[in-house]
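This report describes a protein–DNA assembly chain by chain and then turns to the DNA surface. The sequence and structure come first.

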Protein chains: 4
Amino acid sequence: MNRELKKEQTRVRIKEAAMSLFAEQSYESTTIEQIVKLAGVAKGTFFNYFSSKDDLICDLQGLFVIEEIVKLKDKGGPLIPKMQLIIFELMQQFPLNKQLTRALFQAILGSEKALDKHRKLIADLKDAIIPLVESGQECGELRKEIPAADITQIALHTYFGTLILWSMDEDEEKLNEHMVVTFDLFFKGIVS
Amino acid sequence: MNRELKKEQTRVRIKEAAMSLFAEQSYESTTIEQIVKLAGVAKGTFFNYFSSKDDLICDLQGLFVIEEIVKLKDKGGPLIPKMQLIIFELMQQFPLNKQLTRALFQAILGSEKALDKHRKLIADLKDAIIPLVESGQECGELRKEIPAADITQIALHTYFGTLILWSMDEDEEKLNEHMVVTFDLFFKGIVS
Amino acid sequence: MNRELKKEQTRVRIKEAAMSLFAEQSYESTTIEQIVKLAGVAKGTFFNYFSSKDDLICDLQGLFVIEEIVKLKDKGGPLIPKMQLIIFELMQQFPLNKQLTRALFQAILGSEKALDKHRKLIADLKDAIIPLVESGQECGELRKEIPAADITQIALHTYFGTLILWSMDEDEEKLNEHMVVTFDLFFKGIVS
Amino acid sequence: MNRELKKEQTRVRIKEAAMSLFAEQSYESTTIEQIVKLAGVAKGTFFNYFSSKDDLICDLQGLFVIEEIVKLKDKGGPLIPKMQLIIFELMQQFPLNKQLTRALFQAILGSEKALDKHRKLIADLKDAIIPLVESGQECGELRKEIPAADITQIALHTYFGTLILWSMDEDEEKLNEHMVVTFDLFFKGIVS
DNA sequence: AATGAATGAGATTTCATTCAT
DNA sequence: TATGAATGAAATCTCATTCAT
């Protein structure tokens with residue numbers, strides 16, 4: 001069991017080293033050599049855990065996900081304040097800085113495998129959000145003339161648009177401010 | 001002047017070859033060797049026209065720009081129908097397919113030089129759009145409690161969010177439909 | 001003794017796994033990882049039984065040997081029909097397919113250790129065959145003007161030449177047909 | 001044209017360096033790094049000329065071929081002395097030492113590409129020799145009851161068998177002596 | 001201006017082998 | 001005796017870029 005623990009630690013060390021380097025340089029210019037050096041393991045060890053650099057990225061992109069969203073469904077009360085709250089809280093603890101966010105996008109755009117993973121993630125997000133929107137429509141909180149699927153899709157456009165432009169911007173503003181302002185307007189468009 | 005013409009033609013041939021390859025593969029996996037082969041020139045010639053691969057991308061990303069937006073300012077009449085029209089028309093002739101759009105994003109994310117260029121482009125877009133929004137606010141068409149700069153910023157989030165999610169999606173829907181639907185909601189949020 | 005048995009079984013399982021893989025791929029491209037996976041043991045276990053990959057091959061190349069040859073010496077009667085019979089029977093049960101034969105040659109050619117082993121094997125074969133030839137010459141069955149050692153050497157040339165060309169050929173003919181035809185001619189050359 | 005010359009020289013330098021190293025070590029243990037170092041070119045240069053190590057070997061295995069055989073057909077006179085002469089002369093100038101011969105076999109056995117090339121070479125050899133044998137049969141010099149194709153096949157068995165056993169032997173005897181003795185017996189078997 | 005051979009640092013990946021458990 | 005995580009040297013191959021012609 002000690003062995004299992006060590007294995008897990010090694011895996012974590014590699015992932016943290018990779019993230020730390022992606023946060024300093026771009027994805028493409030980060031080499032496996034650098035990663036293993038920082039992680040303090042041998043080059044071969046990397047490939048005992050990840051079959052390629054792409055594979056590592058697939059493990060990492062879960063960081064984009066908003067897991068808390070799913071839990072919202074079961075809570076009662078008006079939807080929009082709940083969502084505003086969650087967006088605010090999430091952004092507080094968003095684990096990616098600008099450079100790392102860029103690195104993730106870059107990796108996803110450059111690898112068919114990571115792209116597929118991303119598509120699944122988007123699909124999961126949609127599946128989680130649509131029921132929320134539908135319940136909001138049923139209780140009269142949200143406009144009914146726009147299909148729930150469309151509203152969801154647009155919310156994702158808004159989310160990823162804010163994310164990518166923020167990551168490419170050179171100013172130091174916080175992501176959460178952008179996100180809150182943008183979603184404020186988004187909510188204005190969908191309340192009935 | 002014949003010589004000037006030939007030079008321009010060579011430059012265009014190289015750019016077209018590059019775009020054509022980016023539209024098939026990712027940016028990173030497209031090599032200069034492939035580009036010059038398709039363009040029918042020698043490898044050295046590439047570097048007579050572009051100082052590096054990055055440099056080529058800087059030339060290419062103008063394709064993201066919505067030049068027509070600037071012209072809107074001088075036309076009279078209500079703003080929103082005008083913008084809807086222009087978005088619709090632009091999308092009709094959007095020159096990039098999904099793969100090529102992804103390749104451009106990838107290139108920009110991986111090159112400091114291209115990223116700088118992108119920032120300038122974003123700044124130019126803002127400078128063009130803010131006055132439009134301000135005039136819309138002055139004539140009472142748009143809400144006044146949201147600063148024009150914020151509205152503009154959010155419009156860009158919406159635009160690039162739609163663009164990047166569309167480019168990563170595997171379905172075959174047209175970009176313009178996404179864009180029109182998304183901006184419809186956006187407009188609903190900003191009208192007074 | 002149960003333990004001894006298990007050890008022997010493990011050793012056999014590893015050898016069989018290796019042979020099975022050599023019969024599908026080349027020697028060089030077969031990895032110990034693959035072998036132990038197929039044998040159902042851990043990687044470390046391999047090295048408990050064989051000190052290296054080379055060592056395994058040394059164990060395996062005995063398959064080339066024609067052990068029955070030695071027994072011929074003591075039987076009476078004319079030599080050539082006996083040898084024809086034995087070649088025929090051996091070929092029937094030749095344990096190597098083309099790919100595996102190639103793999104063995106490849107392994108021997110690439111390892112000084114295996115090469116040495118092969119030389120011993122060849123020497124043993126010579127030692128077994130020369131007396132046979134000599135007795136054939138004494139009883140007048142074979143020409144006497146060619147030294148027995150030369151005849152033996154040429155027999156080996158014939159044997160290995162047939163073996164290697166067969167293994168490199170892509171047609172599906174049986175080894176034994178080639179071998180019988182070739183040795184027919186060989187015998188024609190040496191009978192008096 | 002000076003440039004063409006230089007190119008050819010570079011190609012030759014690489015091939016000679018490779019052969020020289022194969023003649024010292026085995027094929028597998030000769031690295032491209034060693035080859036380019038000895039050839040005095042950069043690593044990338046190797047790949048401008050050969051797409052892989054396999055590719056280089058394909059270029060090299062022509063050394064096995066007996067080009068002069070083809071020319072024999074048109075000369076008149078008895079066949080066997082002519083062939084004896086040619087075998088003798090060829091062996092005198094056989095360009096491969098033992099280690100290099102082993103390296104070539106090893107390379108061919110380990111690469112599907114090189115193996116295919118080898119099969120073509122064998123086929124070409126057959127096509128060249130069969131007519132010779134047929135003409136020998138027609139003029140009554142050779143036995144007619146063995147098909148010319150079989151005789152040819154067996155000649156190749158004899159040739160390659162002698163070659164590979166010689167290359168694996170540690171004694172310093174000359175290849176040509178082996179070859180002459182072996183073919184002497186072979187000829188005894190086929191004369192009428 | 002055009003060429004394309006040469007460059008060479010550097011990338012990813014492999015794999016036989018070791019050794020602590 | 002069996003295990004399998006860790007090793008790390010070494011292998012092949014890539015490719016943007018340079019520069020002599």
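A polar contact is a pair of N or O atoms within 3.5 Å. By that cut-off the pair formed by Tyr49(B) and DNA strand E qualifies, because a polar side-chain atom of Tyr49(B) lies 3.1 Å from a phosphate oxygen of the strand. The model is predicted, and every distance below is computed from it.

**Chain A**

Chain A contains 10 helices and 0 strands. Read from the N terminus, its elements run α-α-α-α-α-α-α-α-α-α. Along the principal axes, the C-alpha atoms of chain A fill a box of roughly 60 × 40 × 30 Å. Chain A has 192 residues, of which 53% are buried. If contacts in chain A are limited to residues at least 6 apart in sequence, 69% of them join residues at least 24 apart.

Ala18(A) serves as a local example. It is placed in helix H1 of chain A. Its relative accessibility is 0%, so Ala18(A) counts as buried. Leaving aside residues up to four places away in sequence, Ala18(A) touches Ile35(A) and Leu56(A). Pro95(A) is 77 residues from Ala18(A) along the chain, and the C-alpha atoms of the two are separated by 14 Å.

The unreviewed UniProt entry annotates residues 31–50 of chain A as "DNA-binding region". This span is 75% helix and 0% strand, and its end C-alpha atoms lie 14 Å apart.

**Relations between the chains**

Chain A is superposed on chain B by a rotation of 179° with 0.0 Å of shift along the axis, at an RMSD of 0.2 Å. Of the interface residues of chain A, 100% are also interface residues in chain B, so these copies meet through the same surface.

For chain D on chain C, the superposing rotation is 180°, with 0.0 Å of shift along its axis and an RMSD of 0.2 Å. That is the relation of a two-fold axis. The same surface serves both copies, since 100% of the contact residues of chain D recur in chain C.

Chain A does not touch chain C, and their nearest C-alpha atoms are 12 Å apart. Chain A and chain D do not touch either; here the nearest C-alpha atoms are 20 Å apart.

**Helix H9 of chain C**

Helix H9 of chain C covers residues 148–168, a run of 21 residues. What span should those residues have at 1.5 Å a residue, and does the model agree or disagree? The expected span is 30 Å and the end C-alpha atoms are 30 Å apart, so the two agree. H9(C) is mostly covered, with 19 of its 21 residues buried.

**The DNA surface**

DNA strand E is surrounded by 31 residues, and the closest are Thr31(A), Thr45(B), Gly44(D), Thr45(D) and Tyr49(D). Among the atoms of DNA strand E that come within 4 Å of the protein, sugar and phosphate account for 57%. At least two residues of the surface near this strand come from each of these helices: H3 of chain A, H3 of chain B, H3 of chain C, and both helix H1 (2–22) and H3 of chain D.

Around DNA strand F there are 31 residues, of which Thr45(A), Tyr49(A), Thr45(C), Thr31(D) and Lys43(D) come nearest. Sugar and phosphate make up 57% of the atoms of DNA strand F that come within 4 Å of the protein. Helices H1 (2–22) and H3 (43–49) of chain A each supply at least two residues of the surface near DNA strand F, as does helix H3 (43–49) of chain B, of chain C and of chain D.

Polar contacts with the two strands include the following.

| Protein atom | DNA atom | Distance |
|---|---|---|
| Gly44(B), polar backbone atom | DNA strand E, base nitrogen | 2.9 Å |
| Tyr49(B), polar side-chain atom | DNA strand E, phosphate oxygen | 3.1 Å |
| Ala42(D), polar backbone atom | DNA strand E, phosphate oxygen | 3.0 Å |
| Ile32(B), backbone N or O atom | DNA strand F, phosphate oxygen | 2.9 Å |
| Thr45(C), polar side-chain atom | DNA strand F, phosphate oxygen | 2.7 Å |
| Ile32(D), polar backbone atom | DNA strand F, phosphate oxygen | 3.3 Å |

Gly44(B) pairs with a base nitrogen of DNA strand E, whereas Ala42(D) pairs with a phosphate oxygen of that strand. On DNA strand F, Thr45(C) uses a side-chain atom, while Ile32(B) uses a backbone atom.

How values were computed
Residues numbered from 1 in each chain as written. Chains lettered and ligands numbered in written order. Predicted model: local features only at pLDDT ≥ 70, side-chain atom pairs only at ≥ 80, totals over all residues. Heavy atoms only, no water. UniProt positions renumbered as here; feature names shortened; annotations may be inferred. Helix = DSSP H or I, 4+ residues; strand = E, 2+ residues; numbered from the N terminus. Least-squares fit on C-alpha atoms with pLDDT ≥ 70 in both. Contact = heavy atoms within 4.5 Å. Expected span 1.5 Å × (residues − 1). Buried < 20%, exposed > 50% of the residue type's maximum accessible area, 1.4 Å probe, protein only. Near = heavy atom within 4 Å. Polar contact = N/O pair within 3.5 Å; in protein donor to acceptor, adjacent residues only side chain to side chain.
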